[in-house]
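Got your viewer open and the chains coloured separately? Here is a short walk through the model, stop by stop.

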Amino acid sequence: MSEEAINAVGDYQYGFHDPENATIRFDKGLSEQVVRDISELKGEPKWMTDIRVKAYHHFMERPMPDWGNCNMLESIKFDDVTYFLRSSEQTEKNWDDVPDDIKNTFDRLGIPEAEQKWLGGVTAQYESEAVYHSIREDLEEQGVIFLDMDSGLKEHPEIVKKFFGTVIPYADNKFSALNTAVWSGGSFIYVPKGVHVEMPVQAYFRINAKNMGQFERTLIIADEGSSIHYVEGCTAPTYSTDSLHSAVVELIAMDGAKIRYSTVQNWSANVYNLVTKRGIAHKNAVVEWVDGNIGSKLTMKYPAVILKGEGSHAEIISVAYAGEGQHQDAGAKVHHLAPNTTSNILSKSISKNGGRSSYRGLLKVNPKAHGCRSKVVCDALMLDADSRSDTYPTMEVGNSSADLEHEASVSKISGDQLFYLMSRGFSEEEAMGLIVNGFFEPFTRELPMEYAVELNKLLELEMEGAIG
Amino acid sequence: MSYLNLPVPNKSEHLWRYTSWKRVHPTKIDVVPKITPATVMVNGQITDSDTVNHNPLIEEISRTFLAESNDTCHNITVDEQNSQLTIDVNGHDAMNSCNFHILAKSSGNITLHISGDVEWFGISISGHLAKNVNLSFAIINDLNESATMLRVEDWNIARDSTLEYGELSIGGNRLKSDIRTYLRGENSSLTQNIAVYCSTTRVDDHHIEIHHLSGRSNSSLSVKSACSDKGHAIGTGLLAIDEDCDQTDAGQVFKNLLLSDQAKAESIPELEVLSDDVSAAHGAASSSVDEEQIHYLMTRGFTPEDAKAEIVEGFLISSFAKINNDTTRQFLLDALSTQSHD
């Protein structure tokens, strides 16, 4: 990154951008024609075009949510967003074939190196579509399908048609309707019965252009007794104008399957991150969301699990860091629909320099869901008097045999802890950094090691200047 | 703004999420009926209300409705001459309501008992605690089984004052309560203990807001609800700590005991914190009666039903254990004991 670029982006180390070399760029703004053009460009079947058009009309008719940070939501200018931008003519399987400027971006982000060392597969999405995609041969031989979503629809239309929109229908909320109308890219994964994908697979999402909208769609299906760990990361350049990221992620864990979905969201502070993520767990299945939110201007993201099968389990670990001008409105939702289902939710947040972090959660127990157990813990740290922390939990219990607990606390960093560390030679800033890393430790220990190290570095960067 | 000019709240509002305004309005929502004042006895004497044009301090639909439908108000003052007040409110018509303005100039206690055979009952209380006052306040809702009740309370606590608040909610078929407390002075304090019992088809919706507007203020809220049959308990809370309220210590706990498969409970304890040097916590738990406890009592001669009743009574009684004032605590315990053995 050049010195000029560093000066331009400040502390945000991924705020650089490359020149735009789009092969196709739609005009700004959204209309039914834009939706139809995206579908036609991708050569999609008619049923998908029809869903897109229905979703578009629903998006236009549905009002903005009247909860959350309404002021920020109202400031989104949908007509200023570019809804489709193609940077590369095709998805490559070899990094050497990826256009140089895009390849350089992912080199800087360390993706090819990570792929060689510890990943089972990688999708790299640049603007609207995947530019690179690969999967280890042994996984392919076991029947694991790992494609970008556009290729998934082309090569496995029957699977996509069966599951697309079944977990998150387009009418679920305004932003799921927007995503369904203009989705492009994302990942499609199918893990056959009994196959355990031992190494995580990763998708990396990068927005490069100004006023860009990225609307990836991810669908992961783990068949009976299988397991997979999917990791996603995301960054964008720092521009003075805003970008929009509105993804939809659907997970389906069949009987006895396990899906873990880890996210380290590090969008620049000009990105609206409005994401709908939901998984369905069938009998004895496990769905885990490990969700870290460091960047963005406004994040509204509440990973959800529907415990549909008896004995299924949900685990949601969510951390959020809200710095200057940021609002991290994150949380978790679990619906206990079946008997003997269990869930754990752990949410941790830090607010600093006037940032605002909110936990918004829902825990619902169906009348027929006997013997359910759930525990929700929310901890918040406030690092200065200008910041804000909110907790909005909802518990709806319709079955007398359910055992539910919720606890939340808001506090500042303990003076005793700071004093203890400083008496052992740490500066106040170092001591605070250590305490913050320790606070987030339940999250970082669930990440692959390389991600955990990266996250700790990010937090240290964010914590610079926290004292005084 | 008058009632008819206020927008009807919708379900996306935290306060009206589970009980719509239409369900608690006594007639049609575009009507402000003239509601007869309830009979009020203070220390055994029937007292007349003053006719006043009282505008609620908060522009909110329930408060405005109660003020416009009954323009009378009972002014109650707690001072050195009247430090112990027993208030009995009795409903006698199809629709009754009463409005109280309570001013605590010095320390004392108030017990307020609401009873009667009505279809609809409304009550609004606006309370003010002057500086350096300890007020213990207990309220029991003991209306007939088919009544609908709308209740609003606004408490303002000045510097160095303490409000000790206890409530037993057992009457009526549908209850909507909106209780807000504003800790306005340094070292002001609130302890609020609420016990709710919902049997048959009773729906009890409590919305409790506590606003810390000054530093070094303390609050503690405990809501315990037991639901049997098709009983439905709802507890929504907002604990808000304003800017520059350092050294504030606040906690909220909502506990639900579900005694049948058709009973339901909802808890939303919200927290909004804008100061950093504070201690704020909330918790919520929901569970059934512990089978081991029932087994223990049965080995000592209780029938399963009696054992369950004892456990429920113990669960609710524990709400009042922290009340320091003997008069208000005994008032609540006696009412609970009577209810349990009826």
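Select residues 61-69 of chain B, which form helix H2. In this predicted model, H2(B) is mostly covered, with eight of its nine residues buried. Show the side chains of B:Ile61, B:Ser62, B:Arg63, B:Thr64, B:Phe65, B:Leu66, B:Ala67 and B:Ser69, since these are the buried residues of H2(B). What do they pack against? Light up helix H1 (21-24) and strand E7 (95-104) of chain B, then add E9, E11 and E13 of that chain: the buried residues of H2(B) pack against each of these.

**Into the strands of chain B**

From that list, pick E11(B), residues 148-157. Here 10 of the 10 residues are buried, so the strand is largely enclosed by the rest of the structure. Try colouring E11(B) by face. On one side you have B:Thr148, B:Leu150, B:Val152, B:Asp154 and B:Asn156. On the other come B:Met149, B:Arg151, B:Glu153, B:Trp155 and B:Ile157. Both faces are covered, and charged names such as B:Asp154, B:Arg151 and B:Glu153 are among the buried residues.

Which strands does E11(B) pair with? Add E9(B), residues 120-129: it runs parallel to E11(B), and 10 bridges join the two. To see one rung of that ladder, click B:Ser124 and look across to its bridge partner in E11(B), B:Val152. Now add E13(B), residues 174-183, which is also joined to E11(B) by 10 bridges and runs parallel to it. For a rung here, start at B:Asn156 and find its bridge partner B:Tyr182 in E13(B).

**Zoom out on chain B**

Show the whole chain as a cartoon and you should be able to count five helices and 20 strands. The C-alpha trace spans about 60 × 50 × 45 Å along its principal axes. How does the radius of gyration sit with a compact globule? With 342 residues, such a globule would have a value near 20 Å, and chain B has 20 Å, which agrees. Of those 342 residues, 51% count as buried. If you plot a contact map, look away from the diagonal: among contacts with a separation of 6 or more, 82% are between residues 24 or more positions apart.

**Over to chain A: a covered strand**

Select residues 248-253 of chain A, strand E12. Is E12(A) enclosed or open? Six of its six residues are buried, so E12(A) is largely enclosed by the rest of the structure. A:Val248, A:Glu250 and A:Ile252 point one way, while A:Val249, A:Leu251 and A:Ala253 point the other way.

A:Val248 is a handy residue to centre on. Opposite it stands A:Arg217, in strand E9(A), residues 217-222, which pairs with E12(A) in the parallel sense over six bridges. A:Val248 also has a bridge partner in E14(A), namely A:Thr276. E14(A) covers residues 271-281, runs parallel to E12(A) and is joined to it by six bridges.

**Last stop: two helices in chain A**

Finish with H2(A), residues 32-41, and H3(A), residues 46-61. Their axes lie 10 Å apart at an angle of about 155 degrees, so the two helices are roughly antiparallel to each other. The contact is made by A:Glu32, A:Val35, A:Arg36 and A:Ser39 of H2(A), with A:Met48, A:Thr49, A:Arg52, A:Val53 and A:Tyr56 from H3(A). Rotate the pair to view the crossing, which is right-handed.

Terms used. Residues are numbered from 1 along each chain as its sequence is written. Chains are lettered from A and ligands numbered from 1 in the order in which they are written. This is a predicted model: local features need pLDDT of at least 70, side-chain atom pairs count only at pLDDT 80 or more; totals for chains, interfaces and linings use all residues. Helices (H or I, at least four residues) and strands (E, at least two) are DSSP runs, numbered from the N terminus. The radius of gyration is taken over C-alpha atoms; the globule rule is 2.2 Å times the number of residues to the power 0.38. A residue is buried if 20 or more other C-beta atoms lie within 10 Å of its own, exposed if 12 or fewer, and partly exposed in between; C-beta atoms are placed from the backbone. Two residues are in contact if their C-beta atoms, placed from the backbone, lie within 7 Å. Two strands pair if DSSP finds at least two bridges between them. Axes are lines fitted to C-alpha atoms, for helices over the stretch in contact, and angles run from 0 to 180 degrees between N-to-C directions. Angles under 35 degrees count as roughly parallel, over 145 as roughly antiparallel, 65 to 115 as roughly perpendicular and the rest as oblique. A crossing is left-handed if the near helix is turned anticlockwise from the far one by less than a right angle, and right-handed if clockwise.
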